[in-house]
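Q: Could we go through this structure together, step by step? I should like to begin with one strand and then move outwards.

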Number of protein chains: 4
Amino acid sequence: MIFFNSDYLEGAHPAIMQRLMETNMDQSVGYGCDPYCDTAREKIRAACQAPDADVHFLVGGTQTNTTVIASVLRPYQGVLSAVSGHINCHETGAIESTGHKVITLPSDNGKITAQQVEEYVKWQKYDESSEHIVQPGMVYISHPTEGGTLYTKEELTAMYEICRKYELPLFVDGARLGYGLTADSSEMTLPELARLCDIFYIGGTKVGALFGEAVVIMNPALKKDFRCFMKQRGGMLAKGRLLGVQFDTLFTDDLYFKIARHANEMAYQIRDIFVSAGYQMLFESDTNQQYPIMPDAELEIIGKEFGYEYWERTDPTHSGVRFCASWATTQENVDALRAAVHALKK
Amino acid sequence: MIFFNSDYLEGAHPAIMQRLMETNMDQSVGYGCDPYCDTAREKIRAACQAPDADVHFLVGGTQTNTTVIASVLRPYQGVLSAVSGHINCHETGAIESTGHKVITLPSDNGKITAQQVEEYVKWQKYDESSEHIVQPGMVYISHPTEGGTLYTKEELTAMYEICRKYELPLFVDGARLGYGLTADSSEMTLPELARLCDIFYIGGTKVGALFGEAVVIMNPALKKDFRCFMKQRGGMLAKGRLLGVQFDTLFTDDLYFKIARHANEMAYQIRDIFVSAGYQMLFESDTNQQYPIMPDAELEIIGKEFGYEYWERTDPTHSGVRFCASWATTQENVDALRAAVHALKK
Amino acid sequence: MIFFNSDYLEGAHPAIMQRLMETNMDQSVGYGCDPYCDTAREKIRAACQAPDADVHFLVGGTQTNTTVIASVLRPYQGVLSAVSGHINCHETGAIESTGHKVITLPSDNGKITAQQVEEYVKWQKYDESSEHIVQPGMVYISHPTEGGTLYTKEELTAMYEICRKYELPLFVDGARLGYGLTADSSEMTLPELARLCDIFYIGGTKVGALFGEAVVIMNPALKKDFRCFMKQRGGMLAKGRLLGVQFDTLFTDDLYFKIARHANEMAYQIRDIFVSAGYQMLFESDTNQQYPIMPDAELEIIGKEFGYEYWERTDPTHSGVRFCASWATTQENVDALRAAVHALKK
Amino acid sequence: MIFFNSDYLEGAHPAIMQRLMETNMDQSVGYGCDPYCDTAREKIRAACQAPDADVHFLVGGTQTNTTVIASVLRPYQGVLSAVSGHINCHETGAIESTGHKVITLPSDNGKITAQQVEEYVKWQKYDESSEHIVQPGMVYISHPTEGGTLYTKEELTAMYEICRKYELPLFVDGARLGYGLTADSSEMTLPELARLCDIFYIGGTKVGALFGEAVVIMNPALKKDFRCFMKQRGGMLAKGRLLGVQFDTLFTDDLYFKIARHANEMAYQIRDIFVSAGYQMLFESDTNQQYPIMPDAELEIIGKEFGYEYWERTDPTHSGVRFCASWATTQENVDALRAAVHALKK
C-alpha cells in the first residue's frame, strides 16, 4: 500500500532527525528561550528580510490559528474568511471556542478578494444596526488555500491595501507556505509575502518537520505579550528547543524550500498523470495537493493499492479526491501510481 | 411623525403598568423567587397544558438565546440555524462569545426544513474527519421567523421528529410567539407548539411587556441548574418580581393573545395597503411584521411622515422595508399610512 | 412581617413610577438611542462634572461588572479584587465565564490597599515565570464595599496613583454608590470620585430604580465600541428608554442623593438599636447595610417578625446578619425593630 | 555549568530517540489513529490493569489540564484545587480562559484533604445564595504535588470516597506521576492509583519523553467525544504517531518506571547533600524535586556553577530553591554538586 493521503504521513526530514539526535543530550532552558530557538529566529528573520519581526514557535496548526486570531481580535469582533477556510471547516470550532465568529465570504477556489472584504466592511459599518452585527476585526487567508490554489501578487497587494485602509490586520495561514512559494506559478518570494501581511506563519508540520509552526509578526502593534497568549492556549512547548532545532535546520541551506520544491515536482507529475488520462481536476492547484475527479468505481480499484483522501462528491457517480506529495514522496511511488492510473484506462 | 419601525416603540400595555403600580410598595424576595413569579409560572404552565414544565423569566432576547443555547450544548458543539436566523445576524456574535459556532443552513424565507437538518447531521457524522467538524448539538428556529413567516404544523412535526431521531434538542425562539399563534394561517395552539419542541420562550418585550422573556423547558433533561446559567450570564433580575407581575398580567384573561391578535389585524391592513397599491412583498408574512418592496424615491417621501425599518436593497432603485404593528398601533395611524400610500400613487 | 433583607425589596421610587406612566405611550427608538437616555446622560455628566464622559445604561450588576471587565482586559489578563469582592463571591463565576481570572487580594473589611496592588504587580512582573502567571490588567473595588465600608479620599487617591503608575485601569463598582457618597463619613463627592478612577457605575437597582446601572467611562481609552460589548453580553435593553426615564428622574433635583441619604439615616438608627443594645457589629459600616452579630437563639425570635439576610457564622452560637435600609424604609418599621430588639434584652 | 533547574532540560531518553529514528520513514495516518498509538494505548491499559479505560495522547501539560477540565465541567461549575495547584498558579489563566473558576482551598504542602472538599461542597450547597456561588464540579490534585509531596493511599482513598459521595469527578494531574509511583514512600502502584480517581494523566514531558501526556479515562461517563475536545483545544497532534512511539517505548520493559526511579535516587542523594550539610528543606519531598532553603549569599556562589530554579523568598536573607533530577542526571554531576555544597561549609 502506498499512501498519498496527506503531507504528514512520515516523520521528519532526515536532516532534522539527525540534528535532534546530535543535540539530544544538551541541556537548555525551556519554553523557547534556548539558543536553538534564538538562531532559528534569526535565520527566519533573515529569510524574511525582516530584522524587526517577532518570531514564535508553536506546535500545530489549529493551535496557531486560534492563538493568533485570539491575540488580534477584540471580543466583539470576528474574522473574515473564505467559507472553505480551514478555520471555518476543519478545526472543530476552535475559533468560536475563543469567543469569535468566523465571518464567511463565498469562494469557489478557496480564495477571497479585496473587493469582497471591502463590500462586507462597508455593509457592516453603515448598516443601521451596525452594533448588532459582528464587527470584522481581521482577515484570514491561507496561501496556498485548502484547494492548493495561490494568490497572485496583485491579488495579495490589493487585499493588503484594503486591509490597511480599514485597519484590519491581515493574517496568512502558511501551513503549506513552502509549497506556495516554490510553485511554478508563484509570484512571490518569502520577503515579498512577509511585506504583504501583518502576521503569518511558516508551516513545519506539513513541510518536513515532526511538528511546528513559526509565527512571524510583522506589524509591531500585534507583538505585545504574544507569549502570554501562547502559554494560556497551551501552545508553549516545555522543551521548546525541539522547535528551535527543527526550524534552524529547515532554514539552513534553504532546506525548507528544497523540500517544498521536491514535493511540488512530484505533485506536478501526479497532476500530469490524471490530466493526461483525461480526468478533470476539482481545483486548479499548482502546489503539492492535487484533486482529480474520478468515477467511484475507479476509486475503489485504485484504493486497493493507493491511499488518497476523500474530498467531496461531485455527482452521484463521481468524487473529488486528494493526492498529496511531500518531501518523502519518491519517484518510484509516483511511477507506481502512473502505472495504476494507466491500467484503469485500458 | 408616526412610527412603524418595530413592535417595541412604546412602553407596556396599560394593564401591565397598572399592576406594576399596584404592587410597587409590596416587599418581596429577589431573583424570581417571589409570589408574582410563582403565579405567573403557574399560569404559563396552564396555558401550555404543561404542568411539569420549568418556567424561567429573563430580561431580553439576546440574553435568552445565549443562556438557553449555552445551557444545552457541550463546548465542541454548535447550533443549527437558518442563515438568516437572529442569532446568526443580529446579536453581535453573542452565541460565539459563549464558545459555540452557529452552523448555518441556507433559507429563502427564514425557515429551515427537517430534511436540511438530517442531511447536515448525516454529512457531519459520516465525514472522514468528523472530529474536525463542529458537531451539531441542537436546532434553533424562530416562530415566527425574522421575515414574519410561520412553520406549518406538518413542518414543525417533521422537524421535531428528526431532532429526536438524532438527539438534537429543538429550541424555538418565540420573541414574537404571540403573533405567530394568533395569525390567520396559524396551525398551532400554544400547547401544540410546546409539545413540538424541547425548549422555547414566550416573548414579552415585543408583545406588550416593558421587557421580559419566559423560557419554558419541556424536556426534563434540560432543566438542571438552569438558574445557575441565568445568574452567570447576567440574566437573573434582582427585582425578579417585575417579570412575574408582567407575565402574570399577560397570562390573565388571555391578554397576551388579545394583544397579539390586535397587532396582526393592524398588520393585515398594512399588508392590504401595500398589496392593493401594487407593491411586491419581500416575505409572505402573515404576522405583525410586513415587508413591502418600494422605490427609493417613494421611500423618501413616505419617510418624512412615517418611520419604518430599512431591511435590504432588492435592486439599484428599490428596497425592502419593514412596517410593524403592535398592541399600541391605532386604527388612526394605519389610516394615515393608507392615505399616504394612496397619495404616492396619484 | 417586615423585611430588612436587602435594598431591593420593593419596586421603584414613586417619582420614577410616575414618569414611566407619563411616558408610556410615547414612541421612541430602541437600544438607548432615545431622547430620555440622552437627557439622562447629560444630567449624569453634569452631576459628575465630566462633560466628556461616556455614559451607558445596563440592566443589572452582574451584567455590568462582566461587561465592563470584559471590555477592559486582554484575554490573558485578570482583574485584581478583594477576596470578598462581589465579582469573586456572588456572581456564579460570571467573570471567569468571559475567560478572565479574578486575582484575589486578602481583605478584612472589604477594602484593598494601593500597597497590596503594587506588591502584587511587582511580584508578577519580576517573577522568573512571569508569562506563566496571569497578568493583572485592572483593579476592581466597590464603594461602598460588600460590608458597607468606605474608602477614604486618601486611600482612593493612593490607589488611583498606583493604578496609573502601572497602567491598570481602576474600576469602581458603585452598585450602592449613593449610600457611600451620602454617608456621614463620606470624604468624596460624585465629581471627586469620578476623577479618582477610570470607569465606574452608578447603581440604580439598589438605590430606588426598578433596575438599571449607569456606567460612566472617564478614561477615553476605554470608550471604544462599548456598545458592542453591551449588545454581545445581552446588556442592551430593547426599550432602553426605560433606563433613560429612570436615571433622568434620579438625577433631577438630586433625587438619587436624597433617596440614599434617607436610607443611611434609617440605617444609622438601626445601627444604634443594635450597638446601644450591646451587640458587636461585623463590619464598621457607615452606609445602608448594617451587620450585627447576634446569638442564634435571638435570631430565631427576631426572625419571626423581621426579615434579615444571613451573612456568616462567627462562632458556634453566634452569627453575623444583615439589616438593610432603602428609600422605602419607614420610621415605623425601624421603630418596630427597635421595640423587638429591646424586648430581646428584657 | 551544570543544570538542575528542571526535569525537562534535555531531549528524550535514548531508547525513544532510537525508535523515532527507526520508524521515521513509515507511513501512517494522522491524529492518533495509527498503529503506534494503538499499541501504546494497549500497553498503558495493561500497566493500569484497566482494559476498558480510554487512553488519549496530548502534547503538553497546560493543554492536557485545560482539555480535561473543560471536558468534565458544565459552564457554571468550577474546579476545586489547592491554592498552590499548577492550574491556579502557572498556566496563565488557561482554565479561566475556558470559562471556569479555579476554586482554591488552602494548603501548606501542596495537598488538599477530603475534609476540605466536603466542607466546601456543603457550604456552597446549603448557602442561601447557592446559585450565586460557583458550583464545584470536580476536584483537581496533582501527584506528586508542586512541592514534590505525595498523597498516602489513605488520603487518596478518602478523597475519592468524598468525590463519589458528592458526584465530583476526581482528576489527578500526573505530570510527574512516575516519580511519585517509584518514590521510597510511595504507597500506591499505577493500577491502584487508577482505581482511586476518575481521570488522570501519565506525564511524558517531564519523565523522559520529548513531549507528551497520556490521559487515562477510568470513568465511562467522561469518555464521550473526548477527541472533539482535543481537536478544538489544539491538542490533537497531526503526526500523532510521535506520541504513540514515545509512550510505546516508555511502557515497554518498564522503562517509564526505571527512568523515574533513577531520577528519584539521584534526588535522594541531592537531598542528603543538603540535609547533611544542615539546610532546612522547604517541602518534605520524596520525589525528584528537592527544595533546600539557602542563604542568598551562598546561592550566589553555587549559582556560578549550578543551575537551580528560584522558588520563593523565605526570609530577608534566605530563599527556597529547586534542584531537580531526571533520567539524564548523572552521578558525576551529583558528585560535583556535593563537592560544591561541602565547599560552602568550609
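Q: How many residues of S5(D) are buried?
A: In S5(D), 8 of the 8 residues are buried, so the strand is largely enclosed by the rest of the structure. Buried means under 20% relative accessible area, exposed means over 50%, and partly exposed lies in between, with a 1.4 Å probe and protein chains only. Strands (E, at least two residues) and helices (H or I, at least four) are DSSP runs, numbered from the N terminus.

Q: Before we continue, what sort of model is this, and how is it numbered?
A: This is a predicted model, in which local features need pLDDT of at least 70 and side-chain atom pairs count only at pLDDT 80 or more, while totals for chains, interfaces and linings use all residues. Residues are numbered from 1 along each chain as its sequence is written, chains are lettered from A and ligands numbered from 1 in the order in which they are written, and side-chain values use heavy atoms, with hydrogens and water left out.

Q: Back to S5(D), then. Which way does strand S3 of chain D run beside it, parallel or antiparallel?
A: Strand S3 (residues 77-82) of chain D and S5(D) run parallel and are joined by 4 bridges. Two strands pair if DSSP finds at least two bridges between them. D:Gln77 has D:Gln135 in S5(D) as its bridge partner.

Q: And what joins S5(D) to S6(D)?
A: There are 4 bridges between S5(D) and S6(D), and these strands run parallel. The bridge partner of D:Ile141 is D:Val172 in S6(D).

Q: Which unit do S5(D), helix H7 and S6(D) make?
A: Together, S5(D), helix H7 (residues 153-165) of chain D and S6(D) make a right-handed β-α-β unit. Right-handed here means that, with the strands pointing away from the viewer, the path from the first strand over the helix to the second runs clockwise.

Q: Let us change to chain B. In what order do the strands of its open sheet stand?
A: The open sheet of chain B has 7 strands in the order S2-S8-S7-S6-S5-S3-S4, with mixed pairing. S2 and strand S4 (102-105) of chain B stand at the edges with a single partner strand each, so one side of each has no neighbour in the sheet. On average, neighbouring strands of this sheet are turned by 25 degrees against each other, direction ignored.

Q: What about S7(B) and S8(B)?
A: S7(B) and S8(B) run antiparallel, joined by 5 bridges. B:Ile199 stands opposite B:Ile217 in S8(B).

Q: Which strands does H11(B) touch on the sheet?
A: H11(B) packs on the sheet and touches S2, S7 and S8 of chain B, where contact means heavy atoms within 4.5 Å. The direction of H11(B) makes about 115 degrees with that of S2(B). Such axes are lines fitted to C-alpha atoms, for helices over the stretch in contact, and angles run from 0 to 180 degrees between N-to-C directions.

Q: Is that helix mostly covered or mostly open?
A: Helix H11 (residues 241-250) of chain B is mostly covered, with 10 of its 10 residues buried. Those buried residues pack against several elements of chain B, including helix H1 (14-22), helix H2 (35-48) and helix H12 (255-276).

Q: New topic: how many salt bridges are there over all chains?
A: A search of the whole structure finds 72 salt bridges. The term stands for a side-chain nitrogen of Lys or Arg within 4 Å of a carboxyl oxygen of Asp or Glu.

Q: Where do B:Arg227 and D:Glu131 lie?
A: These two residues form a salt bridge, with the closest N and O atoms of B:Arg227 and D:Glu131 2.6 Å apart. B:Arg227 lies in helix H10 (residues 226-232) of chain B and D:Glu131 in the loop between helix H6 (114-126) and strand S5 (135-142) of chain D, so the pair joins two chains. B:Arg227 is buried, at 16% relative accessible area, whereas D:Glu131 is partly exposed, at 25%.

Q: And D:Asp7 and D:Arg176, buried or exposed?
A: Both D:Asp7 and D:Arg176 are buried. They form a salt bridge whose closest N and O atoms are 2.6 Å apart.

Q: Finally, what is the area buried between chain A and chain B?
A: That area is about 1,500 Å², and carbon and sulfur atoms give 46% of it. Buried area is the accessible area (1.4 Å probe) that two parts lose on being put together, summed over both. The count between chain A and chain B is 2 salt bridges.
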